[in-house]
Amino acid sequence: MTESHLSELPAFALRVREHILRMSTNGGCFTGASLSCTDLLVYLYTTYLRISPDTLDAPDRDVLLLSKGHDVPALYGVFAELGFIPRERLKNHLRVHDDLYWHPNRNIPGVEFHSGSLGHLLSVGLGMAVDIRMRGLDSRVVVVLGDGELNEGSIWEACLTAQALRVDNLIAVVDRNLFQANVRTEELIPLEPLTTKFEAFGWNVETVNGHDFGDLHSVFRALPVRNGAPTVVIADTQRGRGVPSIVDRADRWFCNFTHEEVGALIEELHGNSKATLTSETLVVR
Amino acid sequence: MIPYESILLECVRSDERVMVLTAENRGHMRSAPALMGDRFIDVGIAEQTMIGVAAGLATRGRIVVTHALASFITLRAFEFIRDDVGIPALPVIMVGMVPGVLSDANGPTHQAIDDVGLMRGIPNISVFCPADEEDLRIGLREVIFSGKPYYIRYTNAPASVDHSKVFAPGVAEVVVGPTIGRRDVTILTYGTLLRQAVLAASKLTAQGIVVQVINMRTLKPIDEQRILEASFNSDLVVTLEDHLLTGGLYSIVSEILVRNRRSVDVLPIGFDTWFRPALLPEVLDHERLSGEHVARRIAEQLQRNDERRSMEISYV
């Protein structure tokens, strides 16, 4: 992978963030969560994963599963930019005649498994990884988890089983944006020391700046580690990344902006002055 | 090796798609796992992970037969079954061990008496409730290779009747009494209690009562025609099940009768709540589910129905 390729990724990610903001109106979406994993998904789909519009059904393709399904606008934004789906299709967001709703649907080309309820896809990914190993393929299965999702016992159950089965083509990526829904993770169910927890479960653990393509590349190009253990990459990220008005805000997890606000936020995304937001925020506590 | 695991092993050997998973439940698979190689996986006491792994395998073309106690697989892993197997309709078979009264002395945590209601409530998932080991053998391959998700209410009890060797989902079998035509009583049942139904029928027959016993085999799909025929041709329809009266066969029959505008005398025999834990014969006796009790309950109901009808006639 060349430096010039990596240098093109910020512009790619900017386009994906624009898609996310455009989906944050007329009903809205989980904007904050989508913006935190945007760079991760951009890096993985453009650089790490061996998958393209022509190989969506290839038996030896790599697989990405979005276990924190509510950030699906980021996934669909990437799919639109890569040509998995036409860009115009994103205009169908939340419309009953299409399948672009608040969680992933397998009818969308590129979606390997649906999600919505948290804590499911690490075990589903484990099953896929086992099948890949049985067939002697070298495909990798990447499962994107939310940090709040780590509250679910089923994640740790799957962690135990994955290390017992010595599956090393399974890579979990934690979108560590330090928020869960409307609360900071460390103020509700503290996860730290997170690295030590995964290490204690027998996993290889890597940490990375989830918004730095150079850092992502230096970590992922060495993965998977073929040592009989699954790998987790803990990616430090920011909720609402790229849009200063909503960055790191507990009340900007789900957003339903006015059309004017979306226009102002896209300006803000491109470095222009900060938007004035008047639309209602969704605060749980 | 018991017949169940022989069939599983044969399926594994004859079709590379078939895989067998367990959540550390090997009571009915003591020998076969060692002969299945990497096509057998024990995920540990982790029912949710087992179903998730099964779904992941199934998306890649595998047919996965999963095992745990009936109460654990249907309850602990319920959402995984609903979301990861039911929604995408993947060919994953959930085999629930010691369902219903077969949990005998384990106590209420282990009593799967709501499993049929739970599993049939999930769109796309079918439910097979064999009466005994022979019935299971006859239907097992068909279920595994159906291409659909299935819940199997497992039993390896010895057979109490000669079963029809032809298995088809949604086709019940008449095991006692006239195949068609007038009778006093039709007993609709499934699973372990078929044996008690047959015992009850022989006692009632000795009293001159004409009884038909139907083994439903699958509860979803259900043999609606057979149930409707019973409603037309019998004075009393009995639903006999080791399941809560909510969600099981009694509910299914009620739904069918209402949908078809049928009003008939139905005697539901099942549970209102958890049963007293004890060894199976004592459970059957205490809960009035033994053949003798069932015969008495039916005779009493027939008596009540006669009294009611004679009162109705006297009003006219």
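How many helices and strands does chain A have?

## Chain A at a glance

Chain A has nine helices and seven strands. Please keep in mind as you look around that this is a predicted model. Computed along its principal axes by computation, the C-alpha trace of chain A spans about 50 × 45 × 40 Å. A compact globule of 285 residues would have a radius of gyration near 19 Å, and chain A, at 18 Å, agrees with that.

Inside the chain, 49% of the 285 residues count as buried. Take the contacts in chain A with a separation of 6 or more: 75% of them come from residues 24 or more positions apart.

## A buried valine in chain A

For a closer look at chain A, try A:Val208, which sits in strand 6 (residues 204-209). Is A:Val208 buried or exposed? There are 21 other C-beta atoms within 10 Å of A:Val208, and the cut-off for a buried residue is 20 or more, so A:Val208 is buried.

Setting aside neighbours within four places in sequence, A:Val208 is in contact with A:Asp215, A:Leu216, A:Val219, A:Val233 and A:Ala235. You can also find A:Ile234 from here: A:Val208 and A:Ile234 are 26 residues apart in sequence, and their C-alpha atoms are 6.3 Å apart in space.

## Where the two chains meet

Now let us turn to the contact between the chains. Chain B gives 21 residues to this contact and chain A gives 20 residues. On the side of chain B that touches chain A, the elements giving two or more residues are helix 2 and helix 4 (78-86) of chain B. Helix 2 of chain B supplies the largest share of that side, with nine residues. By class, the residues on this side of chain B are nine nonpolar, six polar and six charged.

Which helix of chain A passes helix 2 of chain B in a right-handed crossing? The partner is helix 4 of chain A. The axes of helix 4 (residues 121-134) of chain A and helix 2 (residues 47-59) of chain B come within 6 Å and cross at roughly 50°, and the two helices are therefore oblique to each other. From helix 4 of chain A, the residues that meet helix 2 of chain B include A:Ser123, A:Gly125, A:Leu126 and A:Met128. Among those on the side of helix 2 of chain B are B:Gln48, B:Gly52, B:Val53 and B:Leu57. This helix contact has eight nonpolar, eight polar and one charged residues.

## A helix pair within chain B

Chain B also has a helix crossing of its own to explore. The axes of helix 7 (residues 194-206) and helix 11 (residues 291-315) of chain B come within 7 Å and cross at roughly 55°. That makes helix 7 of chain B oblique to helix 11 of chain B, and their crossing is right-handed.

Helix 7 of chain B contributes residues including B:Gln196, B:Leu199, B:Lys203 and B:Leu204, while B:Glu292, B:Val294 and B:Ile298 are among those from helix 11 of chain B. Sorted by class, the contact of these two helices has eight nonpolar, two polar and two charged residues.

## A buried threonine in chain B

One more stop is B:Thr218, in strand 10 (residues 218-220) of chain B. B:Thr218 counts as buried, with 25 C-beta neighbours inside 10 Å. Beyond its neighbours within four places in sequence, B:Thr218 is in contact with B:Ser126, B:Val127, B:Phe128, B:Pro169 and B:Gly170. B:Thr218 and B:Leu194 are 24 residues apart in sequence and 13 Å apart in space, C-alpha to C-alpha.

Technical notes:
Residues numbered from 1 in each chain as written. Chains lettered and ligands numbered in written order. Predicted model: local features only at pLDDT ≥ 70, side-chain atom pairs only at ≥ 80, totals over all residues. Axes fitted to C-alpha atoms, helices over the stretch in contact; angles between N-to-C directions. Helix = DSSP H or I, 4+ residues; strand = E, 2+ residues; numbered from the N terminus. Parallel < 35°, antiparallel > 145°, perpendicular 65-115°, else oblique. Left-handed = near helix turned anticlockwise from the far one by under 90°. Contact = placed C-beta atoms within 7 Å. Nonpolar A, V, L, I, M, F, W, Y, C, P; charged D, E, K, R; others polar. Rg over C-alpha atoms; globule rule 2.2 N^0.38 Å. Buried ≥ 20, exposed ≤ 12 C-beta atoms within 10 Å, placed from the backbone.
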